[in-house]
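Got the model open in your viewer? Here's a tour, with a selection to make at each stop and a note on what you'll find there.

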Amino acid sequence: MGDSSWSTGLHESRYAYDLIESVHVWALCLFFGLAVMFDLRLLGWTMRSIPVSEVARRLLPWTAVGFVVMVISGALLFSAIPLRSYQNIFFRAKMIMLVLAGLNVWIFHSGVYRRVTTWDLDRITPKAARVAGALSLVLWICIVLSGRMIAYNWFDCDRQPQPAIINFLTSCVPDGSDH
Amino acid sequence: MSLLAFFQWCEQSGIGAAIRRSSWLFPVIEAIHLLGLGMIGGAVLVVDMRLLGLGLRRQSLAQLARDAQRWLIGSLIVMIITGTLLFLSEAIKCYYHAAFWMKMASLFLAIVFTFTVQRKVTRAEEARMSPVWSKVVALVSVALWSGVGIGGRWIGFS
């Protein structure tokens, strides 16, 4: 994949990579910002006078839009540096946490959210909703942090020696020669 | 003291030097800065989308703006602290970087606009507010804050 002309072009382009990264950051504000607002509502920390279902109905479609843009721009960024990213410990952590965040969304929507009409304006939201909100908040924060760290990879395969555990987690095969 | 001399003094400050010496301080501060940006994005967008007739619309604008403003100010404080630290570590680079000045100009305008013009709109009686004017205010707000975020991202590109 890294040898394709597309990947090389993106990697070496003066502006394309920077532009896509800017789109990624902009969409982060849309997706992460609104997702956090919803999580804060689930925790009862903001917009308490607005029913949870109303916040969900009005804001979540926009987080979905933001998420699609994040995935597309993220995939493009990945395609510019595929092997390095694949062997990047922060990239791997980010992907695992994305799956966990997805599971959290699924559990929330198929569980406590189904009964939202019974707790829409409760002063204190149900425990399951607060747990989902807190988990989502922590996971998305960690996803953003690890995403930013992908660019500063202290554990890059080319920076040997690394502890065996790191090489195991990143599927690196140090060849022993100096680079 | 000239502006450049001031930037040089910032660059030579102990804090700036400490951040430069560390291999992880800059990335960690930058990552927190990015989280703050995302949070500002959420707080700005809920209000601007409300003004545009997207997103939340049944509740009073004034209440929504009050709710969001707390988070906006909180994240602005985080941004300014982390941003100052990042700046101290590379002040000279910023001095010569167009993106830095573009960002500072957008930031100044965004803050002034949000706390004057936009605040007036969000506190006005909605029935008396022209819908076109509300939308213009929202679009200007989104444009200015986007300038801050994107300008910031471009400081990192040489």
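We start with the core, move on to the chain contact and the helix pairs, and finish with some backbone details. Keep in mind throughout that this is a predicted model.

**Stop 1: the core**

Select Leu28(A) and Val46(B). These are the residues with the most contacts inside the largest nonpolar core, which has 60 residues. Now colour the helices that feed it. From chain A, take helix H2 (16-42), helix H3 (52-80) and helix H6 (127-149); each of them supplies at least two residues of this core. From chain B, add helix H3 (25-52), helix H4 (61-89), helix H6 (98-123) and helix H7 (131-155), which also supply at least two residues each. Which helix gives the most to this core? That's H2(A), with 15 residues.

Stay with Val46(B) for a moment and show what surrounds it. Setting aside its neighbours within four places in sequence, Val46(B) is in contact with Met37(A) from the other chain's side of the view, and with Gly55(B), Leu56(B), Leu64(B) and Ala68(B).

**Stop 2: where the chains meet**

Next, select the contact between chains A and B. Chain A puts in 29 residues and chain B puts in 26 residues. On the chain A side, H2, H3 and H6 are the elements that give two or more residues. H2(A) has the largest share of that side, at 13 residues. Colour the chain A side by residue class and you should get 20 nonpolar, four polar and five charged residues.

**Stop 3: H2(A) against H3(A)**

H2(A) has come up at both stops, so let's follow its partners. Show H2(A) with H3(A): their axes are 8 Å apart and the helices pack at an angle of about 150 degrees. An angle over 145 degrees counts as roughly antiparallel, so that is how H2(A) runs relative to H3(A). Is the crossing left-handed or right-handed? For H2(A) and H3(A), it's left-handed. Their contact holds 24 nonpolar, five polar and two charged residues.

While H3(A) is on screen, click on Ala56(A), which lies in that helix. Ala56(A) has 19 other C-beta atoms within 10 Å, and being buried takes 20 or more, so this residue counts as partly exposed. Draw a distance from the C-alpha atom of Ala56(A) to that of Asp39(A): it should read 10.0 Å, for two residues 17 apart along the chain.

**Stop 4: H2(A) against H6(A)**

Swap H3(A) for H6(A). The axes of H2(A) and H6(A) come within 8 Å and cross at roughly 155 degrees, so this pair is roughly antiparallel. The crossing is left-handed. To see the contact, select Leu28(A), Phe32(A), Ala35(A), Val36(A), Asp39(A) and Leu42(A) on H2(A). Facing them on H6(A) are Ala129(A), Arg130(A), Ala132(A), Gly133(A), Ser136(A), Leu137(A), Trp140(A) and Val144(A). By class, this contact divides into 10 nonpolar, two polar and two charged residues.

**Stop 5: H2(A) against H7(B)**

Now cross to the other chain and bring up H7(B). The axes of H2(A) and H7(B) come within 10 Å and cross at roughly 140 degrees, so the two helices are oblique to each other. H2(A) passes H7(B) in a right-handed crossing. On H2(A), pick Glu21(A), Ser22(A), Val25(A), Trp26(A) and Cys29(A); on H7(B), pick Ser146(B), Gly149(B), Ile150(B) and Arg153(B). That contact has four nonpolar, three polar and two charged residues.

**Stop 6: backbone details in chain A**

Go to the loop between H2 and H3 of chain A, where you'll find Met47(A). Met47(A) isn't a glycine, but has a positive phi of about 50 degrees. Buried or exposed? Met47(A) is buried, with 23 C-beta neighbours inside 10 Å.

Then jump to the loop between H6 and helix H7 (164-169) of chain A and select Pro161(A). The peptide bond leading into it from Gln160(A) is cis, with omega near 0 degrees.

Last, select Ser171(A), in the segment after H7 of chain A. Ser171(A) is another non-glycine with a positive phi, here about 55 degrees. With 10 C-beta neighbours inside 10 Å, Ser171(A) counts as exposed.

Terms used
Residues are numbered from 1 along each chain as its sequence is written. Chains are lettered from A and ligands numbered from 1 in the order in which they are written. This is a predicted model: local features need pLDDT of at least 70, side-chain atom pairs count only at pLDDT 80 or more; totals for chains, interfaces and linings use all residues. A nonpolar core is a set of buried Ala, Val, Leu, Ile, Met, Phe, Trp, Tyr and Cys residues joined through C-beta atoms within 7 Å. A residue is buried if 20 or more other C-beta atoms lie within 10 Å of its own, exposed if 12 or fewer, and partly exposed in between; C-beta atoms are placed from the backbone. Helices (H or I, at least four residues) and strands (E, at least two) are DSSP runs, numbered from the N terminus. Two residues are in contact if their C-beta atoms, placed from the backbone, lie within 7 Å. Ala, Val, Leu, Ile, Met, Phe, Trp, Tyr, Cys and Pro count as nonpolar, Asp, Glu, Lys and Arg as charged, and the others, Gly among them, as polar. Axes are lines fitted to C-alpha atoms, for helices over the stretch in contact, and angles run from 0 to 180 degrees between N-to-C directions. Angles under 35 degrees count as roughly parallel, over 145 as roughly antiparallel, 65 to 115 as roughly perpendicular and the rest as oblique. A crossing is left-handed if the near helix is turned anticlockwise from the far one by less than a right angle, and right-handed if clockwise.
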